[in-house]
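Q: Got a minute to go through this one with me? I'd like to start with the DNA contacts.

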2 protein chains.
Amino acid sequence: MAALDLLGRRGALRIVWELREGRVLTFRALQAAAELPPGTLNTRLAELRAADIVAADAGYRLSPRGSDLIAALWPLLRWSEDWASAMGDR
Amino acid sequence: MAALDLLGRRGALRIVWELREGRVLTFRALQAAAELPPGTLNTRLAELRAADIVAADAGYRLSPRGSDLIAALWPLLRWSEDWASAMGDR
DNA sequence: GCTCCGTGCTACAAAATTTGTAACATGGAA
DNA sequence: TTCCATGTTACAAATTTTGTAGCACGGAGC
């Protein structure tokens, strides 16, 4: 489960999420969107780039493999919406 | 994305994974399976129980909502297998 | 009764990670 | 050359995690 280990690090899923649907963000825009300090963002981006999930090319964007990841995340995101509304009801 | 924040904490996804398919594990068995020290496991279990993902009932098991989560995780797990074999090829 | 296990869980100091803020260096535009 | 936005690094403080040890409880067997 090496991939889950990587994605379980602080901010990793959030970064991928912010780059969904072909979005291209600068380092600073990504920092603001993902609410991460630059040190953590930089560490995480290095890991995600080494894992071929994120590509740096005139800003940061998802690699093809990263796009596959987003697709695989949709059910989880839908679950988390259900979870949020269920938790809100209490 | 409060749910993703919770699931992004160290060991959280791993704990859910170890409880897949109706498995019921003791605290110590879960500790060994998820490879977590007791302090971290305890913190994480408290969070997962508060989130109604894990239930403590003669051992630890997934709640119904936790089972939904596992179902939503399958595409991600399949992606991570693909990722692992692709990464191994380099 | 008492002892022996296995249980969930806590204590605590050391190690690792994250945070927040500041700044650096580079490159393009004005 | 001045300005501005970029990616990135520095560094100390705060937080989290780790590893190990042990506690308190409950049941089984004697």
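A: Sure. Arg44(A) puts a polar side-chain atom 2.7 Å from a phosphate oxygen of DNA strand C. Keep in mind that this is a predicted model.

Q: And what does Tyr60(B) do at strand C?
A: It also goes for the backbone: a polar side-chain atom of Tyr60(B) sits 2.3 Å from a phosphate oxygen of DNA strand C.

Q: Which side chain has an N or O atom 2.6 Å from a base nitrogen of that strand?
A: That's Arg28(B), with a side-chain N or O atom at that distance from a base nitrogen of DNA strand C.

Q: Which elements give two or more residues to that surface?
A: H4 of chain A, plus helix H3 (27-34) and helix H4 (38-50) of chain B.

Q: How many residues surround strand C, and which are closest?
A: There are 14, and the closest are Arg44(A), Phe27(B), Arg28(B), Asn42(B) and Tyr60(B). By class, that surface has 5 nonpolar, 3 polar and 6 charged residues.

Q: How do the strand C atoms within 4 Å of the protein split between sugar or phosphate and bases?
A: 55% of them belong to sugar or phosphate, and the rest to bases.

Q: OK, over to strand D. Which residues come nearest there?
A: Phe27(A), Arg28(A), Asn42(A), Tyr60(A) and Arg44(B), out of 14 around the strand. The side chain of Arg28(A) has an N or O atom 2.6 Å from a base nitrogen of DNA strand D.

Q: What about phosphate contacts on D?
A: Asn42(A) has a polar side-chain atom 2.7 Å from a phosphate oxygen of DNA strand D. From chain B, a side-chain N or O atom of Thr40(B) is 3.2 Å from a phosphate oxygen of that strand.

Q: Which elements supply at least two residues each at D?
A: H3 and H4 of chain A, together with H4 of chain B.

Q: So how do H3 and H4 of chain A pack?
A: Their angle is about 105 degrees, with the axes 10 Å apart. That makes H3(A) roughly perpendicular to H4(A).

Q: Which residues meet there?
A: Phe27(A), Leu30(A) and Gln31(A) from H3(A) meet Pro38(A), Leu41(A), Asn42(A) and Leu45(A) from H4(A). The contact divides into 5 nonpolar, 2 polar and no charged residues.

Q: New topic: is Glu18(B) buried or exposed?
A: Glu18(B) counts as buried, because its relative accessibility is 12% and the cut-off for buried is under 20%. Glu18(B) lies in helix H2 (residues 12-18) of chain B.

Q: What does Glu18(B) touch, leaving out residues up to four places away in sequence?
A: Arg23(B), Leu25(B), Leu30(B), Ala33(B) and Ala34(B).

Conventions:
Residues numbered from 1 in each chain as written. Chains lettered and ligands numbered in written order. Predicted model: local features only at pLDDT ≥ 70, side-chain atom pairs only at ≥ 80, totals over all residues. Heavy atoms only, no water. Axes fitted to C-alpha atoms, helices over the stretch in contact; angles between N-to-C directions. Helix = DSSP H or I, 4+ residues; strand = E, 2+ residues; numbered from the N terminus. Parallel < 35°, antiparallel > 145°, perpendicular 65-115°, else oblique. Contact = heavy atoms within 4.5 Å. Nonpolar A, V, L, I, M, F, W, Y, C, P; charged D, E, K, R; others polar. Near = heavy atom within 4 Å. Polar contact = N/O pair within 3.5 Å; in protein donor to acceptor, adjacent residues only side chain to side chain. Buried < 20%, exposed > 50% of the residue type's maximum accessible area, 1.4 Å probe, protein only.
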